[in-house]
Amino acid sequence: MGNSGYALEIQDASKRFGGIVATDHVNIAVKPGQIFGIIGPNGAGKTTLFNMITGVYKPTEGQILLNGENITGKLPYEIARKGIARTFQNIRLFSDLSVYENIHIAYQKNMTYGLLDGIFKNKKYKDEEKRCAEKCEEALKDMGLWEQRDFLASNLPYGMQRRLEIARALVTAPAVLLLDEPAAGMNEDESAELANVIRSVSKKNPGITILVIDHHMDVIMSVCDEITVINFGKQLATGGPEDIQRNQEVIDAYLGVGD
Ligand SMILES: Nc1ncnc2c1ncn2[C@@H]1O[C@H](COP(=O)(O)OP(=O)(O)O)[C@@H](O)[C@H]1O
Ligand SMILES: [Mg+2]
C-alpha cells in the first residue's frame with residue numbers, strides 16, 4: 001500500500017490496439033470522495049480508460065494505482081474485490097431476471113459463507129442472508145426501484161434500467177465507482193434526475209470516489225468537482241467545470257461542435 005493521498009491514479013497510461021493509439025499518455029489523479037468527470041468525443045478513448053482501470057485491458061505503458069497500490073495488470077475479479085465497481089456504456093443486466101434478482105446476484109459476490117454453511121443453514125448463513133436482504137433493499141430504495149423489485153429487468157423503462165445498473169454496482173459497497181455514460185439516451189429531464197442520483201450516491205456513501213463519463217454537459221458540469229477532457233486518446237485539459245468551459249482548446253475540439 002502506498003499513501004499518495006489519492007484514491008485512484010492513472011499514471012502516464014497508454015493503450016495501443018495494433019496501430020490505433022486509444023489512450024496516449026494520460027495522467028489522472030482522483031482524490032477520495034471526489035466526483036471526477038471524463039469527457040471527449042466518441043472514440044476518444046474514454047471507455048478504454050475504464051477498461052484499463054478495471055483490468056479488462058492491461059495498459060501498453062504506464063500504471064494504475066488504487067490508494068497508492070499498483071494494480072496494473074491485475075485481473076478484473078481481483079480489481080473488483082479491491083473495491084472498484086463499474087457500469088457499462090451498453091446496459092448489461094440479466095434481462096429475464098427480476099429487478100430484485102439482479103441486485104441479489106450482484107450482492108452475492110460479497111458473501112463469505114461456504115457450501116456447508118448454506119446446506120445446514122447455520123448462523124453464519126442466516127446472518128449473511130439477512131444482511132444481504134437489508135443491503136439489497138437499501139440499494140433499491142436509494143435508486144427509487146423498490147416498488148419495481150418484482151418487475152423483469154427488461155420491462156423497466158430505460159432510465160430505471162440505468163439506475164438498476166448503478167444499484168448493482170453500489171450494492172458491492174465499492175470504494176471507487178465508474179459510470180460509463182450513465183445518461184446515454186436520456187432526455188433532459190431524465191439526465192437531470194440522474195445528476196441528482198449521482199450526487200445523492202456521493203452524499204450517502206461518504207468517501208466513495210466516482211468517475212463518470214458522459215456526453216451530457218449539464219450532468220457533467222453540475223456534478224463533477226474536476227473534469228478531464230480527452231481527444232484522440234490525448235488529454236486536452238484537466239480542471240474544474242469553469243476552467244473546462246472556458247478552455248479554448250476544449251471549446252474548439254469538443255464543446256463548440258455540439259453533440
Ligand atoms: N478491443 C479493441 N480493439 C481494437 N480497437 C479498440 C478496442 N477497444 C477500443 N478500441 C479503439 O480505441 C479507440 C477508443 O475507443 P473507446 O475507448 O471505446 O472510446 P470512447 O469510449 O471515448 O468512445 C477507438 O478508436 C476504438 O475503436
Ligand atoms: Mg465509450
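1. Starting with helix α1: Lys46, Thr47, Thr48, Leu49, Phe50, Asn51, Met52 and Ile53 are buried there. That is 8 of the 8 residues of the helix (residues 46–53), so α1 is largely enclosed by the rest of the structure. Keep in mind that this is a predicted model. Just past the end of α1, Gly55 has a positive phi, at about 85 degrees.

2. Which residues surround ligand 1? Phe17, Ile20, Ala22, Gly40, Asn42, Gly43, Ala44, Gly45, Lys46, Thr47 and Thr48 do. Two elements, β2 (20–30) and α1, give two or more residues to this shell. Of the elements, α1 gives the most, with 3 residues. By character, the shell splits into 4 nonpolar residues, 6 polar ones and 1 charged one. Lys46, Thr47 and Thr48 therefore turn up twice in this note: they are buried in α1, and they are also part of the ligand 1 shell.

3. On to the sheet. It is open and has 6 strands, running in the order β6-β7-β8-β3-β9-β10, with mixed pairing. β6 (84–86) and β10 (234–239) are the edge strands, each pairing on one side only. On average, neighbouring strands are turned by 15 degrees against each other, ignoring direction.

4. Inside that sheet, take the β3/β8 pair. Strand β3 (residues 35–39) runs parallel to strand β8 (residues 209–213), and the two pair over 4 bridges. If you want a spot to look at, Phe36 has Leu211 in β8 as its bridge partner.

5. What packs on the sheet? α1 does, touching β3, β6, β7 (176–180), β8 and β9 (226–231). The direction of α1 makes about 150 degrees with that of β7. Helix α7 (residues 188–204) packs on the sheet as well, touching β3 and β8. For α7, the angle is about 165 degrees to the direction of β8.

6. Zooming out, the protein chain has 10 helices and 10 strands. The radius of gyration is 19 Å, close to the 18 Å from the globule rule for 259 residues, so the chain is as compact as a globular protein of that length. Along the principal axes, the C-alpha trace spans about 65 × 40 × 35 Å.

7. Two chain-wide numbers to finish. Buried residues account for 38% of the 259 residues. Taking contacts between residues at least 6 apart in sequence, 66% join residues at least 24 apart.

Notes
Residues are numbered from 1 along each chain as its sequence is written. Chains are lettered from A and ligands numbered from 1 in the order in which they are written. This is a predicted model: local features need pLDDT of at least 70, side-chain atom pairs count only at pLDDT 80 or more; totals for chains, interfaces and linings use all residues. The radius of gyration is taken over C-alpha atoms; the globule rule is 2.2 Å times the number of residues to the power 0.38. A residue is buried if 20 or more other C-beta atoms lie within 10 Å of its own, exposed if 12 or fewer, and partly exposed in between; C-beta atoms are placed from the backbone. Two residues are in contact if their C-beta atoms, placed from the backbone, lie within 7 Å. A residue is near a molecule or strand if its C-beta atom, placed from the backbone, lies within 6 Å of it. Ala, Val, Leu, Ile, Met, Phe, Trp, Tyr, Cys and Pro count as nonpolar, Asp, Glu, Lys and Arg as charged, and the others, Gly among them, as polar. Two strands pair if DSSP finds at least two bridges between them. Axes are lines fitted to C-alpha atoms, for helices over the stretch in contact, and angles run from 0 to 180 degrees between N-to-C directions.
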